Amino acid sequence: MQVCSLNEVKIYSLSAGRSLPEWLSDRKKRALQKKDVDIRRRIELIQDFEMPTVSTKIKISRDGQYIMAVGTYKPRVRCFDTYQLSQKFERCLDSEVVTFEILSDDYSKIVFLQCGRFVEFHSQHGHYYKTRIPKFGRDFSYHYPSCDLYFVGASSEVYRLNLEQGRFLNSLQTDASESNACDINPVHFLFAMGTAEGKVECWDPRTRNRVGLLDCALSSVTADTEIEGLPSVSALKFDGALSMAVGTSTGQVLLYDLRSSNPLIVKDHHYGLPIKSIQYQHQLDLIISADSRIIKMWNKDTGKIFTSMEPEYDINDVCLYPNSGMLMTANEAPKMNIYYIPVLGPAPKWCSFLDNLTEELEENPESTVYDDYKFVTRQDLENLGLAHLIGSPLLRAYMHGFFMDIRLYHKAKMMANPFAYEEYRREKIRQKIEETRAQRVQLKKLPKVNKELALKLIEEEGEEQQVTRKRKQKNLPSLLKDDRFKVMFENPDFQVDEQSEEFRLLNPLVSKISEKRKRKLKVLEELEAQEQEEEEEPEGKASDAESSESSDDEKGWVEEVRKQRKLLRQEEKVKRQERLKEDQQTSLKPQFFEIKEGEEFRSFKDSAKTQKLMKKTLGDRLKLEEKLGTLNVSDTTVGSKQATFKLKK
């Protein structure tokens, strides 16, 4: 039994392994089982579940007890009893079977559509009746209320054969040149047929009139699909009263709601091969579509792929066992495949032991074939000195390298590198050092701009997290992670100027807190430098400066404000003195001026005074005007200032 997994969905292939020929005696079969491990470990779920050459169609009876399959060569039908896990009967036919249908709950009533335009009826004892239709048939459906068989094929007509009266009825005349597939809705019995022109015609069996037409060829061509030729309908399947799936010859599956002419989902297999089978899986709302190369399972609401399978041989038909996770396929090979997918559902009641078997396999996973082999590249072989083995049976080419026996690899590595133990020891020491580094305090990288503000926000965020954890509240978003304030920590124009007068007056306590943060920033920068240089030094003790500091009271806050004001006055006084020194040191150079028309020249002293006055600030000029008497500044009753000017003549 082989196990494969795709999208974390395990698929068990129950028919994997070598099969023994039929002509071997039981004694020789037992002898082979003793000698060959693969034959002994294989699971034969149903005895002789195969065809002589090729199997074309496979179906399950409505009661779930019988599995029927048709194939060649010679053309035959085989019925397998699931309660006995063996073949019940085999019947040979005159010509190959195109398709067949089980009309009863068991195997007692079967209809075969054959290649030579023959329609053959079988009862419980065997062959019952045989008739012919005018044109070659490709598919047929059974209408239970009226006991009519609807045949479609290489004709524009749909032939109707009534099984109650035993005669052909008036055929349905369609607009199609040929038809490939048909189906009848199980709820309201609407008859639908897929044509070679890529259209689906819907007919009402009660009035024998066409009630709808869908152009699937036009809808299957989307922006990302590449097709060659006109898509024709190759498969058709109803589900419920309103859902219908249509498969095309170019590899697309279209899911329709009968109330709309546009498809809900268009799923492409990307192989360009005709869709051969469509099945609905109701437990997980999946659609199982298959072409000759791949079986795909996808969600019918979203179109998302669930899993897929690619058998070794081409697929002719797919059958899903009802209400279970078992899938059967008819292939271009003698053996018919059986797959079990536990995610889709439990095993059928006649093989319930599969659930226990798969559970044991999941608990005790066996080693795969690749565990005993080592994958090496050509460079690895040259380093080991084994390049001369390329082309020998000791190396098996795979992708960009080779597979070699793991024992040979270990021997060659030991001879090529005798100091492997020292390398192993150094690697272990390095891993230990990395583990100790991971136990250190993890550094938080601070932004380049406004580092102190970022550190303050990080500290406040940590305190808020502790409070919210105690109160079991939701954490508020951080400013550092908010995109609206991202530029504040990236653009240097947003750097906070701590030396400005406004900052120092509005934040009187910021000096002490900033000193504390500066010390912490310095420690963080030193630790970052140590990490970059990868210096292995013993970690220092944490400073206890933080523990000695306590929050100031209101009195301390007032004193700090007064101190800041005093410092600002002293700094302003120093600036004035420096400004006066600069004015005294400036030496006047001779300059020539041009007198404008209408002005009188009085003296150079007046121009020098005006220039010196213009260099002064507005406050200094206002004080000078007050001294001269040309400006009068007074307080008003409201609390504002009133200034009165006297204009010069």
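**Notebook: one cavity, two cis bonds, a few odd residues**

I searched the whole structure for cavities and found one of 30 Å³ or more. Note to self: this is a predicted model.

**The cavity**

I looked up the volume next: the largest cavity comes out at about 40 Å³. Then I pulled its lining. Ile133, Lys135, Phe136 and Gly137 are among the lining residues, and so are Phe151, Val152, Gly153, Ala154, Ser155, Glu157 and Tyr159. Which elements give two or more residues to that lining? They are β12 (148–153) and β13 (157–162). β12 gives the most, with three residues. I sorted the lining by class and got six nonpolar, three polar and two charged residues. Lys135 and Glu157 are both on the lining list, and Lys and Glu count as charged.

**Cis peptide bonds**

I went through the backbone next. Most peptide bonds are trans, so I wrote down the cis ones I came across. Thr72 and Tyr73 are joined by a cis peptide bond, with omega at about -10 degrees. Tyr73 and Lys74 are joined by a cis bond too, with omega at about 10 degrees. Where is Tyr73? I find Tyr73 in the loop between β4 (66–72) and β5 (76–81). Lys74 has its place in the loop between β4 and β5.

**Positive phi**

Most residues other than glycine have a negative phi, so I jotted down two that do not fit that pattern.

Phe189 has a positive phi, near 60 degrees, and is not a glycine. I placed Phe189 in the loop between β15 (179–184) and β16 (191–195). Is Phe189 buried or exposed? Neither: its relative accessibility is 28%, so Phe189 counts as partly exposed, since that class runs between the 20% and 50% cut-offs.

His270 is the other one I noted; its phi is positive at about 65 degrees, and it is not a glycine either. His270 sits in the loop between β22 (265–268) and β23 (277–281). At 60% relative accessibility, His270 counts as exposed, because the cut-off for exposed is over 50%.

**Leu624**

Last, I checked Leu624, which I found in helix α14 (residues 618–628). Its relative accessibility is 30%, so I have Leu624 down as partly exposed. I also took its spacing to Leu613: the two are eleven residues apart in sequence, and their C-alpha atoms are 9.3 Å apart in space.

Notes. Residues numbered from 1 in each chain as written. Predicted model: local features only at pLDDT ≥ 70, side-chain atom pairs only at ≥ 80, totals over all residues. Heavy atoms only, no water. 1 Å grid on protein atoms, 1.4 Å probe; cavity = no way out; pocket = protein on both sides within 12 Å on 5 of 7 lines; lining within 4 Å. Points joined across faces, edges and corners; volume = space filled by probe spheres on them. Helix = DSSP H or I, 4+ residues; strand = E, 2+ residues; numbered from the N terminus. Buried < 20%, exposed > 50% of the residue type's maximum accessible area, 1.4 Å probe, protein only.
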